[in-house]
Amino acid sequence: MSQSVSPQSANGAASGASILLSQGLPGADDYALSPSPHRFDDGGHFRLEISGVERLRNLETLLEEADAHDLFVHRIVAFGAGATLIDTGELRAFAELAAERGIEVVACPGPRTGWDRGRQALTEEGTTSGRRVRGVDNMRFLLDDYLRIFECGFKGVLVWDEGVLDVMSKARERGDIPTDASFKVSVYTGHANPASIRVLEELGADSLNPVGDLSRPMLAAIRGAVTIPLDVWAVVFESFGGINRLWEAGEIAAVAAPCYFKVEPGDSEGNMYVGWRDEGDQDAAIRAKVRHARILLELAGRTSPEILPSPSYAPSAAAAVEG
């Protein structure tokens, strides 16, 4: 990977770049846009991910719309409002239908932030801080929430606290939770550079959603340091900046593969991912997301025909291998 800065200062002393390079990290963002040597284990550069599949009915709507557009959605992020608010019978039915259709599911426990006495994260200034779990009791409740999710047949879960990720990884090694459990690290952890994402990989993350506005050189530099799939926003809520990278998707996958492209148009997560919102509204949002995903495939094929999505009914989740 070419570097745009000198690894040493003019007087020969150590520089920031030399320190990074000595620790196996890039010394600069990758402006050469080096092609990623990594792929999903089926050879794909990228997969499609849709969030906000809140209820069983929403999953049925997604499948109906995807079938109508001859589209396969590889992974969904379910229960953004929290799996706690879904009864066990519906959770099991959801897991069974997703498994029947070969769809990976990342289930969100909770709700958590703001549901105890800690409200800092919901204040105007607190929204810039990463989400974390407050105290041991809340960590215990969260772990019980994960256990309930696993008992209902799900394998993938969302994680947004590094300490919890470490605990979950050790529990997976010990067999306290399914040994094939998969951990997706949320964008709300706020990670955006190769060093911090490498730490999450070492802690056991199976994929990670970096902040949504990283440039291709930044993503390429991250890919130079880690092998886990990156979850990259192709379309994002207006409340997160309304980023639209549909035309850029093929070129992003070229340097960031393997990656999941997240398709989340809408006004805000706070308005869309709530358990008491009318299912019809959520169904309409799901249909729009599927249509955006279909456009992504069309545009990626137009700009970067050599960059390939994973096939339909792709095998499970996070393994990335050398190309």
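## A walk around helix α3

Helix α3 runs from residue 88 to residue 100, and its 13 residues reach 18 Å from the first C-alpha to the last, close to the 18 Å expected at 1.5 Å a residue. Keep in mind as you look that this is a predicted model.

Which residues of α3 are buried? They are Glu-90, Leu-91, Phe-94, Ala-95, Leu-97 and Ala-98. Seen down the axis of α3, these buried residues fall within an arc of 165 degrees, so they line one face of the helix. Turn to the other side of α3 and you will find Glu-96, Ala-99 and Glu-100, which are exposed.

What covers the buried residues of α3? The cover includes the strands β2 (46-53), β3 (75-78) and β4 (104-107), along with the helices α2 (56-68) and α4 (135-151).

The ends of α3 are worth a look too. At the N-terminal end, Asp-87 acts as a cap: one of its side-chain oxygens lies 3.0 Å from the backbone nitrogen of Gly-89. After α3 comes Gly-102, which has a positive phi, near 75 degrees.

Now step back to the whole protein. It has ten helices and ten strands, and buried residues make up 51% of its 323 residues. Its accessible surface comes to about 14,200 Å², with 51% of that belonging to carbon and sulfur atoms. Take the contacts between residues at least 6 apart in sequence: 76% of them join residues at least 24 apart.

In soluble globular proteins, nonpolar side chains tend to be buried together. Here, the largest nonpolar core has 73 residues, and Phe-94, Phe-154 and Phe-261 have the most contacts inside it. Helix α10 (residues 279-303) gives this core its largest share, six residues. Apart from this core lies another, of five residues, among them Val-187, Tyr-188, Trp-233 and Val-236.

Phe-154 leads us back to the helix where we began. Leaving aside neighbours within four places in sequence, its contacts include Leu-91, Phe-94 and Ala-95, which are buried residues of α3. Phe-154 is also in contact with Phe-79, Val-105, Ala-107 and Ile-149.

Here are the two helices side by side:

| Helix | Number of residues | Reach, first to last C-alpha |
|---|---|---|
| α3 | 13 residues | 18 Å |
| α10 | 25 residues | 36 Å |

Like α3, α10 has a reach close to the expected value, here 36 Å at 1.5 Å a residue. Its buried residues include Gln-282, Asp-283, Ile-286, Lys-289 and Val-290.

Two of these, Ile-286 and Val-290, are in contact with Leu-62, a residue of helix α2. Is Leu-62 buried or exposed? At 1% relative accessibility, Leu-62 counts as buried. Its C-alpha is separated by 7.0 Å from that of Val-290, although the two residues are 228 residues apart along the chain. Further contacts of Leu-62 include Ile-50, Val-53, Val-73 and Ile-76.

Our last stop is Asn-209, in the loop between β7 (207-208) and α7 (216-223). Why does Asn-209 count as buried? Its relative accessibility is 2%, and buried means under 20%. The side chain of Asn-209 reaches the backbone oxygen of Asp-231 at 2.8 Å. Leaving aside neighbours within four places in sequence, Asn-209 also contacts Lys-184, Val-185, Ser-186, Val-187 and Lys-262. One of these, Val-187, belongs to the core of five residues.

Technical notes. Residues are numbered from 1 along each chain as its sequence is written. This is a predicted model: local features need pLDDT of at least 70, side-chain atom pairs count only at pLDDT 80 or more; totals for chains, interfaces and linings use all residues. Side-chain values use heavy atoms; hydrogens and water are left out. Helices (H or I, at least four residues) and strands (E, at least two) are DSSP runs, numbered from the N terminus. The expected span of a helix is 1.5 Å times one less than its number of residues. Buried means under 20% relative accessible area, exposed over 50%, partly exposed in between (1.4 Å probe, protein chains only). The arc is that of the directions from the helix axis to the C-beta atoms. Contact means heavy atoms within 4.5 Å. A polar contact is a pair of N or O atoms within 3.5 Å; within protein, one must be able to donate a hydrogen and the other to accept it, and residues adjacent in sequence count only if both atoms are side-chain atoms. Accessible areas come from the Shrake-Rupley method with a 1.4 Å probe; for residues, only the protein chains shown count as cover. A nonpolar core is a set of buried Ala, Val, Leu, Ile, Met, Phe, Trp, Tyr and Cys residues joined through side-chain atoms within 4.5 Å.
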